[in-house]
Amino acid sequence: MAQNDLSILRHSAAHLAAQAILELYPGTLLTIGPATEEGFFYDFLPPRNLKEEDLHAIEERMHELSKKNYPLKHRDISKDEARALFKNNPFKLEMIDEIPSDMVGLSEQGDFKDLCRGGHVTSTGEIKHFKLLGLSGSYWRADKSKQALQRIHGTAFFTAEELSAFEKHQEDLLQYDHRRLGKQLDYFSLHDDAAGFPFFHPKGQQIIMTLMAYMRQLHKEYDYKEIATPTVLNADLWRRSGHYHHYKENMYFSEIDGTQYAIKPMNCPGAFLIFGHHPRSYRELPLKLAEFGHVHRFELSGVLHGLLRVRAFTIDDTHIFCTLEQVEQEILKILEIAFRVLKKCDFTSINLAVSTRPAKSMGSDAEWKLATKALEDALTKFGQPFAIQEGEGAFYGPKIEIVIKDAMGRAWQTGTVQVDFFQAQNFDLTYVSAEGKQERPVIIHQAIYGSLERFFAILLEHYKGHLPFWLAPVQIRILTITEGQDAYAQDLYARLKKEGMRVEVDLSSDKITSKVKSAQLAKIPWMLVVGNKEVEAGTVSIRYADGKQELGVSLDVLLKKAHELNAV
Ligand SMILES: [Zn+2]
Ligand SMILES: [Zn+2]
């Protein structure tokens, strides 16, 4: 079925919801009820505030109205007739006044009438597979100064199978929400004492550190050098970078020695100061400076969402200073790194897009053209298809956005690569060319994870809490069957720890079944079960998180397998 047909069905379902509400709560004033990407909503002003508990009755009534199979009739009536029909509804009267033609559309099903321009199914019997999803607040005309309304959300499909697939998906989203998993697994918490600033518990922090360690290995392989720059910098610096002008509303300010300072919302200026600290030669280029920079950005409290939308986060931020000729090869390498990282994290759908010059931006058209072309040429050579997003670039340059789709089909923008011709001018950065002339470097801003905190949340949901061996905070737990294996288990524990594995040992007097259960709840990838048989043979039995087992595995085989999984 075409999307258009689905919109028609969903908009018709909105009318059905409105009819049910009006029958159950006479005196309700209806406003509008459009179809949306996910389903539909209807905004209304009820005689008393409806609650979530009321949804069941509304849904029941909708099913009754569907069974009655009223034809959906549509006709045009004069504005006067419409005004008389909706004389008690100021919202509809306002809409009637705004319609430019003399006639307005009237939709009817049974004795229910609604003002509407049309686009419906032919009878209420066609609307069978629907579900009400919730109630929320809204305002007339989406304007906070106007009448507060209630909004009912729902969705509708053509078949029962589509509806149940949707319901299963909704359950998954709820069950594998990173906020829920983070609490269950004791990974992180959020506190009212620091709204929007997450707290990482030991296991959660271990995951962040593993992500960093992996990126550091790649940085080493690709000749990046790590730096660290201050969190608080003079406001003048942010005036020079343009952030003060373009980004002030999202920055936190402070005062030191009577001078205005800002908490960094980005790491770029720190890297620029290091590059500019002493004269540079073309022989040093490309110079790749990497930083795990902790940045702070103001967000309204209403938009904060777990680790996905926070007020402080860490970026795997790198700045590459290079010549114009080197831009293409450097971007190719960045794309190579990005694809390695994302494939290691089992993302199979990776999409690329080039964002071009926005309305609010620095520099000339010629410079923007040159930078945009360099990005497009590199992408073409890389051989992955890419989209163009007109006007979506940063104020200082065009960028490549990397968008992944997770296991639940949701799209996330993670990495970015930006080519920047302007900041080298703002910060008066130069190098001496082979001909002995002062030249401006091109700067490439690169982030693969983007926000580590956000990437962590995406991974947690993507894996439904079951992080792979290399990333799991505890990779292995040794489980003894009786205390007779304690000494062997402790030896094994010491050996695995020495080999760099993140390992725990469960020597409690619990039964083996409950030890297995507790390791499964903690979502530990490998359980090593040791009984007398294993002690005698000097082996272990591996029980994997997915329930599969391998019996009588030697320590050498175990270590080989573990090291392979940990490798970059
Ligand atoms: Zn309609
Ligand atoms: Zn930057």
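The legends below describe close-up views of a zinc site and two pockets in a predicted model. Local features need pLDDT of at least 70 and side-chain atom pairs count only at pLDDT 80 or more, while totals for linings use all residues. Residues are numbered from 1 along each chain as its sequence is written.

**View 1. Coordination of the zinc ion (ligand 1) by His-11, His-15, Cys-116 and His-120.** The donor atoms, NE2 of each histidine and SG of Cys-116, lie at 1.9 to 2.1 Å (donors are N, O and S atoms within 2.8 Å of the metal, or 3.2 Å for Na, K and Ca). Because the 4 donor atoms subtend angles of 100 to 120°, the arrangement is tetrahedral (for four donors, all angles between 85 and 135 degrees).

**View 2. The zinc donors along the chain, spaced H-x3-H-x100-C-x3-H.** His-11 belongs to helix 1 (residues 3-24) and His-120 to the loop between strand 5 (112-115) and strand 6 (129-139), so the pair ties together parts that are 109 residues apart in sequence (helices, H or I of at least four residues, and strands, E of at least two, are DSSP runs). Both His-11 and His-120 are buried (under 20% relative accessible area with a 1.4 Å probe, protein chains only).

**View 3. The largest pocket, with about 1000 Å³ of space.** Its lining comprises 33 residues, and Tyr-247, Met-266, Arg-297, Lys-399 and Gln-418 lie nearest its centre (on a 1 Å grid, a pocket is an open set of points with protein on both sides within 12 Å along at least five of seven lines, and lining residues have an atom within 4 Å of a point). Strand 22 contributes the largest share of this lining, 5 residues.

**View 4. The second largest pocket, with a volume of about 520 Å³.** Of its 21 lining residues, those nearest the centre are Ile-32, Met-95, Leu-115, Cys-116 and Arg-117.

Terms used: Chains are lettered from A and ligands numbered from 1 in the order in which they are written. Side-chain values use heavy atoms; hydrogens and water are left out. Four donors count as tetrahedral if all angles lie between 85 and 135 degrees; four count as square planar and six as octahedral if opposite donors are over 155 degrees apart and all others between 65 and 115; anything else is irregular. Buried means under 20% relative accessible area, exposed over 50%, partly exposed in between (1.4 Å probe, protein chains only). On a 1 Å grid over the protein atoms alone, a cavity is a set of points where a 1.4 Å probe fits but cannot get out, and a pocket is an open set with protein on both sides within 12 Å along at least five of seven lines; lining residues have an atom within 4 Å of a point. Grid points are joined across faces, edges and corners, and a volume is the space filled by probe spheres set on the points.
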